[in-house]
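Visitor: I'd like to go through the ligand site with you, and then look at one residue in a strand. Could you show me the structure before we start?

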Amino acid sequence: MSELFKPITLNGVTLRNRVVVPPMCQYSASDGLPNDWHLVHYGSIAAGGAGAVIIEATAVSPEGRISPYDLGLWNDEQADRFARIFSFIESQGAVPAVQIAHAGRKACTDKPWLGGKPLTDWTDLLAPSAIPFDTECQTPAAMTVAQIHEMTDRFAESAMRAVRAGAQIIELHAAHGYLLSEFISPISNKREDEYGGSLENRARFLIETVKAVQSAIGTAVPISVRISATDWLPDGQQPEDSVKLVNMLKPLGVALIDVSTAGVALAKIPAGSGFQVPFAEKIKKETGMTTSAVGLITEAQHAESIVAEGKADIVMIGRGHLKNHQWTIHAARELGAEAPIPPQYLRSYR
Ligand SMILES: Cc1cc2nc3c(=O)[nH]c(=O)nc-3n(C[C@H](O)[C@H](O)[C@H](O)COP(=O)(O)O)c2cc1C
């Protein structure tokens, strides 16, 4: 009996299995609006059997996009377009989810396939402190406390739009050196007010955002928080800090900690098969939180063992699903589980 293909319930929302498609930017929108690409891409992946599909980093405000081609949820027209995608994902048996985000000081890049260089005409970068991500990026403005409070409202409004449009899980992007994670990391946060200094202070913006989102969407909608468990740098966020951070999020009723790493500054990362799993395992064991593991997990047996050995509750398969939208169906067949094959495709799997 496969453990990976056992359903899991997050705050009352049940995923048919523990394979989740993590957020992956498509750099294919204009004005933050989902279009045919997003419908076909996410629809096809949802038909491939995963328990949930998390739509890519979606900006809470225009200046918070990683690139001008990111999705957004800062207006109702965008939400209306999301509704069709969420509804199709759900019709295929997957739970529709979206990651809401603000790119902070990293909101400055072109499409990766056009070089991914910082854009010089992107002038309104926001961050905890006026420190650029690197020498090619512009220097961001250190946010005032009023701007922090406004940003918390932006997250809450975007989450509410997403839920009204049909999202059943809201993920907050607090990883990879984007705005929420810039506050958490001591590398990018040099503030001397109540939002900087101690870990408690650096976590304040995230905690206030979780609370604001929760009061906007209600406690029935599960919230996932993606964190960078380590910056992989001696002066950055350490795994022990992340355990403390998760212990601050736990009493708020966060349903899932999506454990990733890195992104706040350039670092030497020992990337290899399942290299981030030990962080998901540590956080799960030391906090009792439901966690997901992600990163270079490509084989069905590997994903199965992560769940079966109690290292994480959910396994996210990113690039595996980009290469093969039906990764989950193939994994189910390999593991002898009932495969969630769309009836239209049944004859090809006989
Ligand atoms: C094309 C692409 C876009 C990505 N965009 C996002 C994103 O929007 N938000 C995010 O948190 N991570 C993003 N990631 C990271 C993935 O969610 C995932 O953590 C990473 O690819 C490692 O998992 P994998 O080895 O299974 O692909 C992206 C990765 C890829 C390849």
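Guide: Before we count neighbours, a residue is taken to be near a molecule if one of its heavy atoms lies within 4 Å of it. Please also keep in mind that this is a predicted model.

Visitor: Fine, so how many residues surround the ligand, and which are the closest?

Guide: The ligand is surrounded by 15 residues, and the closest are Pro-23, Cys-25, Leu-296, Gly-318 and Arg-319. Sorted by class, the shell around the ligand consists of eight nonpolar, five polar and two charged residues.

Visitor: Which polar backbone atoms does an oxygen atom of the ligand approach?

Guide: An oxygen atom of the ligand is 2.8 Å from a polar backbone atom of Gly-318, and an oxygen atom of the ligand is 3.1 Å from a polar backbone atom of Ala-57. On the nitrogen side, a nitrogen atom of the ligand is 2.8 Å from a polar backbone atom of Cys-25.

Visitor: And how much of the ligand's accessible area does the protein cover?

Guide: On its own the ligand has 600 Å² of accessible area, and the protein covers 81% of that. As for its location, the ligand sits in the largest pocket.

Visitor: Changing topic: where does Ser-228 lie?

Guide: Ser-228 belongs to strand β10, which spans residues 223-228.

Visitor: Why is Ser-228 classed as buried?

Guide: Ser-228 counts as buried because its relative accessible area is 8%, and the cut-off for buried is under 20%.

Visitor: What separation do Ser-228 and Gln-78 have?

Guide: Their C-alpha atoms are separated by 28 Å, with Ser-228 and Gln-78 being 150 residues apart along the chain.

How values were computed: Residues are numbered from 1 along each chain as its sequence is written. This is a predicted model: local features need pLDDT of at least 70, side-chain atom pairs count only at pLDDT 80 or more; totals for chains, interfaces and linings use all residues. Side-chain values use heavy atoms; hydrogens and water are left out. A polar contact is a pair of N or O atoms within 3.5 Å; within protein, one must be able to donate a hydrogen and the other to accept it, and residues adjacent in sequence count only if both atoms are side-chain atoms. Accessible areas come from the Shrake-Rupley method with a 1.4 Å probe; for residues, only the protein chains shown count as cover. On a 1 Å grid over the protein atoms alone, a cavity is a set of points where a 1.4 Å probe fits but cannot get out, and a pocket is an open set with protein on both sides within 12 Å along at least five of seven lines; lining residues have an atom within 4 Å of a point. A molecule sits in a cavity or pocket if more than half of its atoms lie within 2 Å of its grid points. Ala, Val, Leu, Ile, Met, Phe, Trp, Tyr, Cys and Pro count as nonpolar, Asp, Glu, Lys and Arg as charged, and the others, Gly among them, as polar. Helices (H or I, at least four residues) and strands (E, at least two) are DSSP runs, numbered from the N terminus. Buried means under 20% relative accessible area, exposed over 50%, partly exposed in between (1.4 Å probe, protein chains only).
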